[in-house]
Each structure stands twice: as C-alpha cells, then as structure tokens.
Amino acid sequence: MHSEKQLSTEIDATVPTAARMYDHYLGGKDNYAADRAACEELDKVVPSTRRLALNNRRFLQRVVKTLSEEYGIRQYLDHGSGLPTQENVHQVAQRIDPTTHVVYVDNDPMVLVHGRALLEQDERTSVIHADMRETDLIFGHADTKRLIDFDEPVCVLFNSVFHCIPDSETDGPLAVARRVRERLAPGSYMVMCQLVSEDPEVRAFVTNFMDQATHGNWGRVREPKDVETYFEGLEILQPGLVEVSTWRPDTEVAPRQLTHEWIEFGGVGRIPLEK
C-alpha cells in the first residue's frame with residue numbers, strides 16, 4: 001500500500017498541478033502562470049481539453065444530483081476533489097437535503113487552504129489533506145469518522161483522478177478501487193472516470209507531457225478497457241460506462257468536444273445488495 005508520508009503544505013507556483021490546471025480550464029482564478037502555460041502547451045496537441053473539463057464537471061454535478069434525488073444518498077466521500085469552484089458536491093447535495101455529509105480529499109496544499117476557508121462555516125463538510133491512495137488514513141481520519149457512517153450507503157467519488165496515479169499492484173487505480181469497495185456497505189455507489197484515448201500516440205504524448213510538467217505527479221492516459229476493470233463486481237447504472245457528457249444528460253445545451261483525441265470515460269457502479 002502507498003506509504004504514508006507527510007504531504008507538503010507549501011504551494012509551489014512554478015510547478016503545474018493537475019488541480020490548478022483543471023481550475024484554469026473551468027475558468028477559475030486559483031492558478032498560476034505555470035499552470036496556464038502548461039494548459040496552452042497541452043492544447044496544441046489535445047485542443048478539446050477545455051470542453052472535456054467542463055463536461056466532466058457537469059457530469060459530476062449530474063451524478064450527485066441523481067444519487068441524492070433518486071437514490072437517497074446522504075453522504076459523499078470525494079477523492080481528489082480539486083479546487084473549490086461553483087456547484088461543488090456539497091452544494092449540489094445539500095440543496096436537495098441540507099443534512100447531507102461530504103468529505104473532500106486532496107493532496108494539493110492549495111486545495112486544503114481554499115477548501116477549509118470555504119467550508120469553515122459548514123459542520124457537515126470537511127476537507128482532508130491526503131493522497132487518494134491512502135485508504136487507511138482517509139477512512140480512519142477523525143473527520144471521516146465524524147461525518148461518514150460506513151455501515152450505511154455512501155457515494156465514493158474518483159472523478160477524473162485515476163489518470164493522476166501510475167499503475168501499481170498495490171496502489172494503482174484498480175487496487176485502490178478494490179480496497180475502497182471492500183469497505184463499503186451494500187447499496188453504496190462508486191463514481192469513477194478518467195482520461196482515455198484509443199490513440200497510442202495521444203496516450204504517450206499526454207502521459208509524458210503531464211509527467212514532466214507536474215514533476216512526476218501523474219499516472220497515465222489509459223484505454224476504455226482499463227476503466228472497465230475498475231467496475232468489477234459492481235452493478236453499473238444505466239447508461240453504462242460512457243463518454244461522460246452522455247451520462248444522463250439533462251440538457252442539449254452543453255459544450256461539445258469538437259475533436260475526440262481523448263475523452264473522459266466512466267460511470268457509476270453500485271455495491272450489490274446482500275441476498
């Protein structure tokens with residue numbers, strides 16, 4: 001299992017991070033020149049990235065709204081949550097039921113600073129500074145224990161984050177997904193999606209570019225078949241595993257990817273109910 005180490009709380013403005021690049025693509029202000037420059041270089045090869053980021057954010061919001069309204073989920077554990085923007089998980093869920101509990105997890109120190117400032121008045125929501133692979137640390141954290149009852153159904157989110165961690169038998173996406181799934185009550189949900197491409201040249205370019213730009217804080221762009229393995233043992237909600245803008249769209253007015261050199265691919269799975 002990923003070794004537990006003290007995460008740095010220092011913000012390095014010269015090294016891009018996936019969280020701050022994502023923030024820039026979403027039109028946020030919590031990013032630096034290095035992040036914007038990295039996005040500019042990335043866009044030269046994968047120009048659909050901004051639309052992809054917007055569609056992914058909307059997918060997250062639709063999933064939370066659906067699980068809260070239609071499936072009665074009242075607790076969420078969001079791994080790799082990123083910087084707070086408009087319509088976060090807690091805002092979408094608590095609009096439906098104000099008693100909903102949400103725990104955010106991220107290893108970016110800027111997320112911790114901004115997240116805690118945003119949530120300091122909300123006793124039902126917390127931000128944990130941790131690596132998403134630290135399952136024991138996350139599940140054992142005082143805030144997680146205070147806010148999440150794992151004897152009851154919970155939604156665990158890995159939204160557009162598994163491409164940030166490399167393959168590993170103990171800490172790769174599949175291992176993390178299995179480790180988390182084992183701890184969840186029947187009727188719980190797992191939301192998982194990541195960047196994929198059918199083009200080996202695109203996969204190689206983006207993987208190498210992001211690995212260098214973030215100084216090794218990256219995994220790889222994978223294939224749809226890799227994502228499918230994350231859902232082993234889960235009941236997959238309709239419409240299945242898809243490009244995320246097509247997951248139960250609530251409007252036809254959405255940013256359309258003009259090119260599809262890479263896409264965000266995934267869906268929602270449920271822990272089977274005990275028989």
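**Figure 1. The whole chain, with over half of its residues tucked away.** Of the chain's 275 residues, 57% count as buried. Keep in mind that this is a predicted model. The chain has ten helices and eight strands. Its radius of gyration is 17 Å, close to the 19 Å that the globule rule gives for 275 residues, so the chain is as compact as a globular protein of that length. Along the principal axes, the C-alpha atoms fill a box of roughly 50 × 40 × 40 Å. Take the contacts with a separation of 6 or more: 73% of them are between residues 24 or more positions apart. As for the outside, the accessible surface comes to about 12500 Å², and 49% of that belongs to carbon and sulfur atoms.

**Figure 2. Close-up of helix 1 against helix 2.** Two packed helices are described by the angle between their axes and the distance between the axes. Here, helix 1 (residues 18-25) and helix 2 (residues 33-45) pack at about 75°, and their axes are 9 Å apart. An angle of 65 to 115 degrees counts as roughly perpendicular, so that is how helix 1 sits relative to helix 2. On the helix 1 side, look for Arg20, Met21, His24 and Tyr25; they meet Asp35, Arg36, Ala38, Cys39, Leu42 and Asp43 in helix 2. Sorted by class, this contact has five nonpolar, one polar and four charged residues.

**Figure 3. Close-up of helix 2 with helix 9.** Helix 9 covers residues 200-213, and its axis comes within 11 Å of the helix 2 axis, crossing at roughly 170°. Angles over 145 degrees count as roughly antiparallel, and helix 2 and helix 9 are therefore roughly antiparallel to each other. Helix 2 brings Ala38, Glu41, Leu42 and Val45 to the contact, while helix 9 brings Phe205, Val206, Phe209 and Met210. The class tally for this pair is seven nonpolar, no polar and one charged. If Ala38 and Leu42 look familiar, they are also among the helix 2 residues that meet helix 1.

**Figure 4. Close-up of threonine 144 in helix 7.** Helix 7 runs over residues 142-147, and threonine 144 lies in it. Is threonine 144 buried or exposed? Its relative accessible area is 0%, and since buried means under 20%, threonine 144 counts as buried. Setting aside neighbours within four places in sequence, the residues touching threonine 144 are Val103, Ile128, Ile138, Phe139 and Phe150.

Methods: Residues are numbered from 1 along each chain as its sequence is written. This is a predicted model: local features need pLDDT of at least 70, side-chain atom pairs count only at pLDDT 80 or more; totals for chains, interfaces and linings use all residues. Side-chain values use heavy atoms; hydrogens and water are left out. Axes are lines fitted to C-alpha atoms, for helices over the stretch in contact, and angles run from 0 to 180 degrees between N-to-C directions. Helices (H or I, at least four residues) and strands (E, at least two) are DSSP runs, numbered from the N terminus. Angles under 35 degrees count as roughly parallel, over 145 as roughly antiparallel, 65 to 115 as roughly perpendicular and the rest as oblique. Contact means heavy atoms within 4.5 Å. Ala, Val, Leu, Ile, Met, Phe, Trp, Tyr, Cys and Pro count as nonpolar, Asp, Glu, Lys and Arg as charged, and the others, Gly among them, as polar. The radius of gyration is taken over C-alpha atoms; the globule rule is 2.2 Å times the number of residues to the power 0.38. Buried means under 20% relative accessible area, exposed over 50%, partly exposed in between (1.4 Å probe, protein chains only). Accessible areas come from the Shrake-Rupley method with a 1.4 Å probe; for residues, only the protein chains shown count as cover.
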